[in-house]
Amino acid sequence: MAGKAIISDEAEAARKSVWGRKAPFAVFELEEQKTDRIVKVSAVGNKGEDYKDLMKLLNDKNCRYFLYDYVSIDPKFNKKTEKTVFVFWSPPNCNQQMKMMYSAYLVNCRDDMKFAHHETLQDEDDFSMFDPNKKDDDDEDSEMSD
């Protein structure tokens, strides 16, 4: 089953548009062709879209890979930083065969797209890492009794 996934020309173009910050995200899927797996583009985000728009494109029955370019604030220096991440979307309702196939090609696909690391997200709550307004967990809501 595992082999080498081939990055299509359209997938490479989508990668470059996210990497060049012309698009906020690109979603990829594996397509079976005889003996090869081809990495194809299933969606590319438009300027101004964010992780909420990306979430609408993903469903809970199909694995996908995606690139996401997001902004975060470094609290130590109060500096805006942009980061592009390679993500493996592996939802809980996806069948085991699909999860195994996407897992088998994950490192190959990630490396061919020139990323050294990846994140694995399994449900919508995991997307909170991309929320620029996310507050750190603290105990403001809890009250201690005397």
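## Residue D126

Apart from its neighbours within four places in sequence, D126 is in contact with T120 and L121. This description rests on a predicted model. D126 lies in the segment that follows β6 (119–121). The relative accessible area of D126 is 28%, and the residue therefore counts as partly exposed, since that class lies between under 20% for buried and over 50% for exposed.

## Helix α3

Helix α3 covers residues 96–112. With 17 residues at 1.5 Å a residue, the helix should span 24 Å, and its end C-alpha atoms are 25 Å apart, which agrees. A bend of about 45 degrees occurs in α3 at L106.

Two features mark the ends of the helix. At its start, a side-chain oxygen of N95 comes to within 3.2 Å of the backbone nitrogen of Q97. Just after α3, K114 adopts a positive phi of about 70 degrees.

## Burial of α3

The buried residues of α3 are M98, K99, M101, Y102, Y105, L106, N108, C109 and R110. L106, the site of the bend, is thus one of the buried residues. The cover over these buried residues includes the strands β1 (5–7), β2 (25–33), β3 (36–44), β4 (64–74) and β5 (79–89).

## The largest pocket

The largest pocket holds about 330 Å³ of space. It is lined by 19 residues, of which P24, E49, Y68, D69 and V71 are the closest to its centre.

At least two lining residues come from each of α2 (51–57) and β4. Strand β4 contributes the most to the lining, with 4 residues; β4 is also among the elements that cover the buried residues of α3.

Conventions
Residues are numbered from 1 along each chain as its sequence is written. This is a predicted model: local features need pLDDT of at least 70, side-chain atom pairs count only at pLDDT 80 or more; totals for chains, interfaces and linings use all residues. Side-chain values use heavy atoms; hydrogens and water are left out. The expected span of a helix is 1.5 Å times one less than its number of residues. The bend at a residue is the angle between axes fitted to the seven residues ending there and the seven starting there. Buried means under 20% relative accessible area, exposed over 50%, partly exposed in between (1.4 Å probe, protein chains only). Contact means heavy atoms within 4.5 Å. A polar contact is a pair of N or O atoms within 3.5 Å; within protein, one must be able to donate a hydrogen and the other to accept it, and residues adjacent in sequence count only if both atoms are side-chain atoms. On a 1 Å grid over the protein atoms alone, a cavity is a set of points where a 1.4 Å probe fits but cannot get out, and a pocket is an open set with protein on both sides within 12 Å along at least five of seven lines; lining residues have an atom within 4 Å of a point. Grid points are joined across faces, edges and corners, and a volume is the space filled by probe spheres set on the points.
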